[in-house]
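Here is a set of questions and answers on how labels are assigned in a structure. Each answer sets a value against the rule behind the label.

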Amino acid sequence: MHSIITKHFPDLTDEQLEQFKKIAVVYKDWNQKINVVSRKDIDEIYTRHVLHSLAIAKIQRFKLGSHILDVGTGGGFPGIPLAILHPETNFTLVDSIGKKIKVVEEVVQALDLKNVKTVNARVETIDQQFDFIVSRAVAAMPTFVHWVKGKIAKKSNHELKNGILYLKGGDLSEELATYQTAEIFNLDEIFSNDFFETKKVVYLPMKYKG
């Protein structure tokens with residue numbers, strides 16, 4: 001169960017523990033109506049979805065009052081687990097597929113997450129700036145960078161400069177060839193589970209373009 005979460009994030013409040021506990025129940029229930037998580041993954045939801053999403057927080061914890069955009073959130077990953085972990089941070093979860101956002105809205109309600117806003121639209125239409133943009137492998141990096149152009153806030157308040165924190169897998173050398181400032185964090189060095197063997201967080205600092 002969620003002991004896999006507490007092992008890596010031992011300082012959770014009772015409310016956060018309750019929300020993480022509830023996450024599996026809510027997704028199992030919704031998955032029977034709309035398949036947002038693959039059948040195989042639903043039994044492994046804590047490793048393959050929750051902990052995978054939280055890997056971003058091992059690279060950068062988000063500060064109070066900061067703004068995070070989750071692009072192509074799908075069923076709510078990585079946004080929802082990160083929002084549970086950072087109750088004082090504002091999350092905007094965007095997806096162009098209506099039925100996915102509908103599920104995310106229901107999950108947000110069921111978990112009583114007050115810090116999450118959902119948007120059913122293409123990310124290009126969002127007219128707001130964020131400290132970090134997170135996502136889970138929705139496109140190759142050049143495409144993704146193009147989508148989120150102009151959405152990075154000017155002032156950096158974190159240890160890392162504002163930018164993209166992207167969950168990716170496999171060999172990224174070609175995809176990241178043009179990004180000299182990109183940093184790759186191997187998740188098998190953070191989590192001791194075979195699932196994370198080829199998984200990574202890519203951090204790409206991005207300059208504000210006014």
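**Labels and their grounds**

Q: How far apart are Glu-106 and Lys-102 in helix H6?
A: In helix H6 (residues 98-110) they lie 4 residues apart, so about one helical turn separates Glu-106 from Lys-102. The model is a predicted one.

Q: What makes the contact of Glu-106 with Lys-102 a salt bridge?
A: The closest N and O atoms of Glu-106 and Lys-102 are 2.6 Å apart. The rule asks for a Lys or Arg side-chain nitrogen within 4 Å of a carboxyl oxygen of Asp or Glu, so the label applies.

Q: Why is Glu-106 called partly exposed?
A: Its relative accessible area is 25%. Partly exposed covers the range between the buried cut-off, under 20%, and the exposed cut-off, over 50%, so the term fits. Lys-102, at 38%, is also partly exposed.

Q: How do you know that Asp-112 and Lys-114 form a salt bridge?
A: Their side chains meet at 2.3 Å, N to O. The limit is 4 Å, so the pair qualifies.

Q: Which label does Lys-114 get, buried or exposed?
A: Lys-114 has 69% relative accessibility and counts as exposed, because exposed means over 50%. Its partner Asp-112, at 44%, is partly exposed.

Q: Why does Lys-168 count as buried?
A: The relative accessibility of Lys-168 is 9%, and buried means under 20%, so the label follows. The side chain of Lys-168 meets that of Glu-175 in a salt bridge of 2.9 Å, N to O.

Q: How many salt bridges does the rule give?
A: The count is 4. Among them are Glu-106 with Lys-102, Asp-112 with Lys-114 and Lys-168 with Glu-175.

Q: Why is strand S1 described as largely enclosed by the rest of the structure?
A: S1 spans residues 67-71, and 4 of its 5 residues are buried, so the description holds.

Q: What makes S1 and strand S2 a pair?
A: The two strands run parallel and are joined by 5 bridges, S2 being residues 90-95. Pairing needs at least two bridges, so the condition is met. One of the partnerships is Asp-70 with Leu-93 in S2.

Q: How do you know that S1 pairs with strand S4?
A: S4 (residues 132-136) and S1 share 4 bridges in the parallel sense, and at least two are required, so they pair. Leu-69 has Ile-133 as its bridge partner in S4.

Q: Which elements make the right-handed β-α-β unit?
A: The unit consists of S1, helix H5 (residues 79-85) and S2.

Methods
Residues are numbered from 1 along each chain as its sequence is written. This is a predicted model: local features need pLDDT of at least 70, side-chain atom pairs count only at pLDDT 80 or more; totals for chains, interfaces and linings use all residues. Side-chain values use heavy atoms; hydrogens and water are left out. Buried means under 20% relative accessible area, exposed over 50%, partly exposed in between (1.4 Å probe, protein chains only). A crossover is right-handed if, with the strands pointing away from the viewer, the path from the first strand over the helix to the second runs clockwise.
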